[in-house]
Structures are given as C-alpha cells and as structure tokens.
Amino acid sequence: MFDLPLPFHPTPRPSGPASHSPNGTADPNRPFALTVSNTLPAAQMSGWAAPMVLARFATLTEAMQGAIDHAENMARNAAPQMIAILDRDARLVLAGAASESAVAWCHPVTSAAEARSVVHEASQLRAQAGRAADWREADLAQRLRQRADLLDARLVDPLWRAFAARALQLAA
C-alpha cells in the first residue's frame with residue numbers, strides 16, 4: 001500500500017558500521033536506534049531490506065546528535081544518505097538526509113490527511129522515476145527517487161509527530 005524507500009522493519013540485532021558517537025551503543029535496551037537504509041543488493045532484491053542500526057541511544061536528543069556525528073564522518077563528496085531514528089517498537093520518530101557534515105531533518109506530517117497527500121505525491125514521483133529510467137534518464141530517475149525518499153521521511157509515526165516537530169523547533 002505504501003511505497004516506502006526506507007523499510008522500517010525491526011532488526012533482530014544491531015548491524016552495520018560502529019557508531020562514531022561516544023553516547024551511541026549497541027545496547028538493545030536503549031529506546032532510540034539511529035539507522036540507515038540497507039542498500040546491499042541482496043537485501044533490496046529480497047524485499048526485506050531491514051535498516052542497518054548504527055547505534056542506540058537513551059534519548060532523542062542523543063540520537064539526533066549521533067546522526068550529526070555520523071554525517072560529520074561521511075566523505076565530503078558522498079551522496080546524501082537517508083537516516084532514520086526509530087523507537088524500540090521500530091516506529092519512525094524522525095528522518096532526514098545526512099550529507100556535507102550536516103543532517104537535513106524532514107519535518108513530520110501533522111495529520112492523516114497530510115500523510116495521505118505525501119504518500120500520493122511520493123508514489124507519483126516514483127512512477128515518474130520509473131518512466132525516466134525507461135527513457136534512459138538515470139540522473140533524472142535518481143533525483144526523482146531522492147525527492148520521493150525525502151517526502152516519505154516525513155511519515156513519522158502518529159505517536160511521535162508532535163514530539164518530533166517540537167524537537168526540531170528546539171534544535172533550530
């Protein structure tokens with residue numbers, strides 16, 4: 001039903017690269033997990049591409065700082081990387097694009113109607129990306145998929161929407 005580029009399935013154990021944050025840990029008892037998309041071809045082809053957990057944090061503030069630390073350790077010319085903070089029940093708390101030593105957080109939708117609109121627009125962008133790929137316009141297809149990913153990053157779980165919006169206001 002939803003065409004999500006960042007499949008938010010719980011991971012059985014932490015995986016992926018080690019955290020660069022002093023507060024980050026692999027302790028599964030910490031409620032917030034900083035994740036990146038699993039871009040391994042085998043995971044993508046299987047349809048079960050659970051995100052890779054970079055680190056777990058005790059607070060959302062620490063998780064947001066961990067995301068910034070992750071962005072600072074990325075190569076300068078690296079493509080933007082979608083990151084997400086999930087709660088212990090694998091619900092999306094906050095997501096954004098990490099690049100250039102910073103994180104561009106996506107503001108969460110504020111209502112179910114806005115969420116439906118975002119899903120519809122992201123689906124249209126992915127359809128356009130598919131047509132662009134058919135026309136051998138790989139760069140255009142990639143840009144359209146990235147725009148769709150950024151829209152999907154706004155689909156914060158309803159439980160966390162107001163809290164995430166407030167956290168972004170405080171961070172600004």
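**Exercise 1. Work out how the span of helix 4 compares with its expected value, and which side of helix 4 is buried.**

Step 1. Helix 4 covers residues 138-152, which is 15 residues. Helices here are DSSP runs of H or I with at least four residues, strands are E runs of at least two, and both are numbered from the N terminus.

Step 2. From first C-alpha to last, helix 4 reaches 21 Å, close to the 21 Å expected at 1.5 Å a residue. The expected span is 1.5 Å times one less than the number of residues.

Step 3. List the buried residues of helix 4: A141, L144, A148, D149, L151 and D152. Buried means under 20% relative accessible area, exposed over 50%, partly exposed in between (1.4 Å probe, protein chains only).

Step 4. These residues cover an arc of only 160° around the axis, so they sit on the same side of helix 4. The arc is taken over the directions from the helix axis to the C-beta atoms.

Step 5. Their cover includes strand 3 (81-86), strand 4 (92-99) and helix 3 (112-134).

**Exercise 2. Decide where confidence in the model is lowest and where it is highest.**

Step 1. The model is predicted: local features need pLDDT of at least 70, side-chain atom pairs count only at pLDDT 80 or more, and totals for chains, interfaces and linings use all residues. Numbering starts from 1 along each chain as its sequence is written, and side-chain values use heavy atoms, with hydrogens and water left out.

Step 2. The average pLDDT (the predictor's confidence in each residue, from 0 to 100) is 83, and 78% of the residues score at least 70.

Step 3. Helix 1 (residues 41-46) is lowest, at a mean of 60, while helix 3 is highest, at 96.

Step 4. Residues 1-22 have pLDDT below 50. Beyond near neighbours in sequence, this stretch has 46 contacts in the model. A contact means heavy atoms within 4.5 Å.

**Exercise 3. Lay out the fold and its nonpolar cores.**

Step 1. Count the elements: five helices and five strands. From the N terminus on, they run β-α-β-α-β-β-β-α-α-α.

Step 2. Take the largest nonpolar core, a set of buried Ala, Val, Leu, Ile, Met, Phe, Trp, Tyr and Cys residues joined through side-chain atoms within 4.5 Å. It has 32 residues; F32, M64, I83, I85 and W105 touch the most other members.

Step 3. Find the suppliers. Elements giving at least two residues each include strand 1 (32-36), strand 2 (52-57), helix 2 (60-72) and helix 5 (161-171). Strand 4 gives the most, with six residues.

Step 4. A second, separate core of 13 residues includes V109, V118, A132 and L144.

Step 5. Look at F32. Residues up to four places away in sequence aside, its contacts include F57, L60, I85, V93 and W160.

Step 6. Check range. Of contacts with a separation of 6 or more, 66% join residues 24 or more positions apart.

**Exercise 4. Identify the loops that hold E100 and R136, and state phi and exposure for each.**

Step 1. Most residues other than glycine have a negative phi.

Step 2. E100 lies in the loop between strand 4 and strand 5. Its phi is near 50°, a positive value. E100 is exposed, with a relative accessible area of 54%.

Step 3. R136 is in the loop between helix 3 and helix 4. Its phi is positive, about 65°. R136 is exposed at 78% relative accessible area.
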